[in-house]
Amino acid sequence: MRVALITDGIWPYVLGGMQKHSYYLCKYLAQKQVYVDLFHFNSSNYDVTKLEFFTEEEKKFITSYTVPFPASFPFPGHYLYNSYRHSKLIYELVKDKLDTYDLLYTKGFTGWYLINQKYKGKIKAPKIAVKFHGYEMFQKPPDLKIKLQHIFLLRNPVRSLSKKADLVYSYGGKITEIIKSIGVDPSKIIELPSGVEESILAGSIHPVKDKLKFVFLGRYERRKGIEELNTAIQLLFASAQPVNAEFHFIGPIPSDKRLQNSNVVYHGEIRDKATLQNLLRSSDILICPSWAEGMPNVILEAMANGLAVVATDVGATNVLVSEATGWLLKNSDAGEIRSVIDLILATDPSVISSKKQKALQLMKDHFTWEKLIESFQKVLQA
């Protein structure tokens with residue numbers, strides 16, 4: 001069995017949630033002895049030809065093709081223009097091997113030219129699947145600039161490619177609802193969530209202490225809701241009531257987005273896995289107040305380390321976060337975030353510990369790559 005995995009990069013050669021999903025998909029397919037032709041590019045200082053983040057046994061089943069992402073001078077829509085150019089370069093590499101694949105799995109715009117060629121009847125190819133991370137361009141934007149980008153640049157090509165592809169992959173939750181709403185035949189939609197490796201699962205949860213430790217994990221990006229979270233924290237500490245909580249930010253947060261408060265700690269970017277894991281496991285609750293999401297790796301990794309989660313009900317977050325495992329925000333409004341934090345601070349520690357335990361158990365039962373890859377294989381064999 002052979003799959004063409006056509007991606008906009010894999011972790012850690014390119015950083016991002018989609019890239020980490022591609023890495024694990026490739027890794028675990030190889031472990032199942034499925035041959036993978038990996039089409040990707042490199043934006044790191046690592047030597048991509050070595051594929052050093054795969055084992056020697058895994059590399060026996062991976063053939064790597066690096067396709068540099070084109071560059072151009074900046075202009076409105078330059079990312080789309082270069083994405084289309086990139087998809088043509090990929091097509092030239094893959095077109096003579098189409099009959100060797102059982103599935104062509106394309107991420108983002110990487111299959112743009114390929115999907116169009118098949119749709120027009122110009123090539124014969126096996127099923128072509130497309131996966132757009134969270135269909136964020138159809139979710140609520142944080143500001144007018146992003147809204148205009150969504151409406152005038154991104155929505156039409158994403159809608160077109162999703163309708164033309166043979167299969168459309170979704171993380172589930174509200175993402176599946178979005179895909180249906182843009183006119184995709186429901187019979188073409190396949191739900192496959194993301195996950196974690198069994199090896200990172202915590203053995204047990206860290207007990208809740210008197211002072212709750214909240215944590216935000218990620219880089220600064222407008223849609224991540226850091227501005228709204230900052231406002232909520234400021235409102236919280238401005239009240240007359242004592243606040244028995246700490247807020248920890250992990251990631252490259254710009255200095256002008258940092259609060260000056262002794263109960264707010266900035267750790268910067270942490271690349272060492274053990275250091276990050278220890279910090280997460282000593283925390284209680286992850287806060288993910290995003291305006292738009294797919295299925296955030298930060299939530300998966302936090303729950304795997306025994307944290308309960310506060311997250312906006314967008315994308316596929318409600319597949320992970322529920323009353324059992326945390327608290328869902330109705331929106332990214334600062335007042336809403338503040339209200340939920342107030343609710344948590346008034347919650348009995350035993351209830352929070354129960355949510356932490358159920359979050360960890362959910363990962364163990366349903367969201368490890370060792371289990372998810374079996375579901376993907378069933379689709380391949382169907």
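**Exercise 1. Are helix 7 and helix 11 parallel, antiparallel, perpendicular or oblique to each other?**

The model is predicted: local features need pLDDT of at least 70, side-chain atom pairs count only at pLDDT 80 or more, and totals for chains, interfaces and linings use all residues. Residues are numbered from 1 along each chain as its sequence is written, and side-chain values use heavy atoms, with hydrogens and water left out.

Step 1. Find the elements. Helices (H or I, at least four residues) and strands (E, at least two) are DSSP runs, numbered from the N terminus. Helix 7 covers residues 226–238 and helix 11 covers residues 334–345.

Step 2. Take the angle. Axes are lines fitted to C-alpha atoms, for helices over the stretch in contact, and angles run from 0 to 180 degrees between N-to-C directions. Here the angle is about 50°, and the axes lie 8 Å apart.

Step 3. Classify. Angles under 35 degrees count as roughly parallel, over 145 as roughly antiparallel, 65 to 115 as roughly perpendicular and the rest as oblique. Helix 7 and helix 11 are therefore oblique.

Step 4. List the contact (heavy atoms within 4.5 Å). Helix 7 contributes Glu228, Leu229, Thr231, Ala232, Leu235 and Leu236. Helix 11 contributes Ala334, Ile337, Arg338, Ile341, Asp342 and Leu345.

Step 5. Sort by type. Ala, Val, Leu, Ile, Met, Phe, Trp, Tyr, Cys and Pro count as nonpolar, Asp, Glu, Lys and Arg as charged, and the others, Gly among them, as polar. The contact of helix 7 with helix 11 has eight nonpolar, one polar and three charged residues.

**Exercise 2. Work out how helix 9 sits against helix 12 and the sheet.**

Step 1. Helix 9 spans residues 297–304. Helix 12 spans residues 349–366. Their axes come within 7 Å and cross at roughly 110°. Helix 9 and helix 12 are therefore roughly perpendicular.

Step 2. Leu300, Met303 and Ala304 of helix 9 meet Ala359, Leu360, Leu362 and Met363 of helix 12. The residues of this contact are seven nonpolar, no polar and no charged.

Step 3. Turn to the strands. Helix 9 lies across strand 8, strand 11 (285–288) and strand 12 (308–312), at about 175° to strand 11. Helix 12 touches strand 8, strand 11, strand 12 and strand 13, and makes about 85° with strand 13.

Step 4. Check a charged residue. Glu301 is in helix 9. Buried means under 20% relative accessible area, exposed over 50%, partly exposed in between (1.4 Å probe, protein chains only). Glu301 has 18% relative accessibility, so Glu301 counts as buried. Beyond its neighbours within four places in sequence, Glu301 contacts Lys20 and Val196.

**Exercise 3. Which strands stand at the edges of the seven-stranded sheet, and where does strand 4 fit?**

Step 1. Write the order. The sheet is open, runs 3-2-1-4-5-6-7 and has parallel pairing. Two strands pair if DSSP finds at least two bridges between them.

Step 2. Read the ends. Strand 3 (62–66) and strand 7 (189–191) each have a single partner strand, so one side of each lacks a neighbour in the sheet. Neighbouring strands are turned by 20° against each other on average, direction ignored.

Step 3. Place strand 4. In the order, strand 4 stands between strand 1 and strand 5. Four bridges join strand 1 to strand 4, with Val3 opposite Leu103. Strand 4 also pairs with strand 5 over four bridges; Leu104 has Ile128 as its bridge partner.

Step 4. Test for burial. Five of the five residues of strand 4 are buried, so strand 4 is largely enclosed by the rest of the structure. Leu103, Tyr105 and Lys107 point one way; Leu104 and Thr106 point the other way.

**Exercise 4. How many residues of helix 4 are buried, and what do they pack against?**

Step 1. Count. Six of the eight residues of helix 4 (residues 112–119) are buried, so helix 4 is largely enclosed.

Step 2. Name them. They are Trp112, Tyr113, Leu114, Ile115, Asn116 and Gln117.

Step 3. Find the neighbours. These residues pack against strand 1 (2–6), helix 3 (78–94), strand 4 (103–107), strand 5 (128–131) and helix 5 (144–164).

Step 4. Look past the end. Gly121 follows helix 4 and has a positive phi, near 80°.
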